[in-house]
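Hi,

Here's the structure I said I'd send over. Have a look at it first, and my notes follow below.

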Amino acid sequence: MNISPQLQSLIWLQVWQVTLLVVVVGFVAVTTLRRRPHVAFLLWALLFVKCLMPPLWSSPTGVFSWLQASPYSLSGTLDTALAAAPGHYVWTSKRQPSKQPLVKSSDSTKPPQAVTSASHSAGAEGWRRLSTMSVGSIAFTLWIAGTSLLSILALIRFSRMARTLGASGYQASPELEAALQGLATKLDVRKRVRLIVSPNNDGPLVFGYRRPLIVLPEVMVQAKSAAQLEPILAHELIHIRRGDTVFGAVQFLAQVIWWFHPLIWWAGRQVNRTCERCCDAEVVASLDFRRRDYANSLLDVLEFKSELRPGFATPGVRAVDITKNRVKYIMNESVHFQARPAKIYWILAIVLALIVLPGGALLIGGRQDESAAHKNDLLAELRSKARVAIDKEDWGTAVDALRKVVEKVPSDARSWFLMGYALHANGQLDEAIKVHRKATEFPPTRVVALYNLSCAFALKGDRETALKHLEESLDAGFTSIIPISEDTDFVSLIDASKFKELAARAMPLASRETYRQFDFWVGDWDVMMPSGEQIGTNIITNDEKGFLLTEKWTNSSGGTGTSISFYDPGEQKWKQTWVDERGTVVRYTGEFENGEMRMVGKRTLANGKEMLCRKCYTPRSDGTVRQVNECSDDGGATWSICFDGIYHQQMPMETRARINV
């Protein structure tokens, strides 16, 4: 899995912004906001929201936007970040993308050379494929794996807890229900709150948002009276009133996405502790609980520490969160508690959000009136101008246009690549070498840019450097569609033994022996039974520049069928898919061994039963080919022949005409 340099830059931008923010928020919260938990919680909450917001937009109010301020905004949009993703173009050495080959070689007789991405050209060479992956690609793959694993584990745990509570939880006593309803009224909790007791000792916790459920562990309910449990119930009701279950979901999602970042896990623990302090303050300020009584109710939870099962990703009174500092905070009479956050906190939240959430670069330097759309139109116009100039072999115009593009967007790999091509074609080899080197810094263009570097040094007569870069290009996955010995740029290297060795490595895939194993089947054939009776005709063509064999079968009664066959370098197997006029589909996999192409497959019958199939193509010394198909409906215990045909090359039309005269 490869990702573009632009997307890598976007990811790195988000990483350093979030890292800087967690350090700043952590320092401020720990050193100055110990007695202001609501302000500290607000800062932590903004941090986790920032974790979920890619840096795709900028604002004059955003501190991160100003930290990147420049005359040109390079963050742009997600479309820009993905525009140069590997595989979007098939690059050609010193040529345009092969989707639209606009330019002829300086030697008009020399065809363009094309390469595929490194991951495809390496084929079955697994270790070589791995070596071509960038560090960023490997990291991205590991991130996907880690995020997926954590998500699956979380879903399993959350579902298991929901099933357990639904299956075993039972209704609380009337006294507890009455206490809950009375507290809900006093605390102005407007949602209907349910209460159950868990025989598995889950909780105390809050579960759900739209229909919140408070869960009390059975061991506490049996040991404490309703009055003694009121502080715990009040604490859980405050969680519901504050919407902590919603924030818990945001926090959990952020930690899953940022699982690799230790500071985010540390921030998660800090925000949980801060959230509990906010609840403690609001409970004490809202009700007639004495601080000592409320603190004692929390300490009572520690009695059952070994028996309680805390909820997963749900707010609640956890024994692990009842610390000495928390109790000291509750008992500190000099700290003024508030029943609800003051309105000033919401104003502060909006102001801070405008400061920390924008992450894109700010556009300044006298161009603030230039819209992003206008700038993109200008870049598109310059790129189009360059392509037209290259098509006309107007190298100077092309270079001037592409130079303006890379000045505005230094991360535009394609423009660097094409500028190197234009300079190379114009004979400006010294400058072309500098631009080719720049193009090697981008994964999408690195492979072919290395090849072009080799060509440039070969033209300058620096054989050693030319061979070095050619080998680097091959190691990175370069493969040509024509022999590189035909590239006139390499005239000075033709007699070098090292070049001959490298030329053999770069031999076009389509010319390699493995890809030609099935060519004996190509042709226009009359197909006969072993007895000599004709049973049909078959036309086998070699398509897609030699990588695909296409079969067009017609039997004597007019029935038809088509197959495609190809060599899969990943599995190092031949593959064939057959479809006929009756809807029969058979997928085969096989190998060429001992002079025969043998394939095995299976088809599904109309009744759903599977039938095994196998076939063998044998080229014979007289130029004919024999094909034998066998079927088994008992899992391979017995086989029966369902097709036996001998292919005879059809006579050319002129030969037939002479015979018929």
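One thing before the details: this is a predicted model.

I started with a pair of helices, where α19 passes α20 in a left-handed crossing. α19 covers residues 429–439 and α20 covers 443–459. Their axes come within 8 Å and cross at roughly 160 degrees. That angle is over 145, the cut-off for this label, so the two helices are roughly antiparallel to each other.

If you want to click through the contact, on the α19 side you'll find Leu429, Ile433, His436, Arg437 and Ala439. Their counterparts in α20 are Thr445, Arg446, Ala449, Asn452, Leu453, Ala456, Phe457 and Leu459. Sorted by class, that contact between α19 and α20 comes to 8 nonpolar, 3 polar and 2 charged residues.

Now for the sheet. It's an open one with 4 strands, in the order β1-β2-β4-β3, and the pairing is mixed. The edges are taken by β1 (170–171) and β3 (205–207). Each of these has a single partner strand, so one side of each is left without a neighbour in the sheet.

What about the pairing of β3 with β4 (residues 213–217): how many bridges join them? There are 3, and the two strands run antiparallel. To find the spot on screen, go to Leu205, whose bridge partner in β4 is Val215.

Last item: a helix also lies across this sheet. α10 (residues 226–242) lies across β2 (194–198), β3 and β4, and runs at about 150 degrees to β4.

Cheers

Note on methods. Residues numbered from 1 in each chain as written. Predicted model: local features only at pLDDT ≥ 70, side-chain atom pairs only at ≥ 80, totals over all residues. Heavy atoms only, no water. Axes fitted to C-alpha atoms, helices over the stretch in contact; angles between N-to-C directions. Parallel < 35°, antiparallel > 145°, perpendicular 65-115°, else oblique. Left-handed = near helix turned anticlockwise from the far one by under 90°. Contact = heavy atoms within 4.5 Å. Nonpolar A, V, L, I, M, F, W, Y, C, P; charged D, E, K, R; others polar. Pairing = 2+ DSSP bridges.
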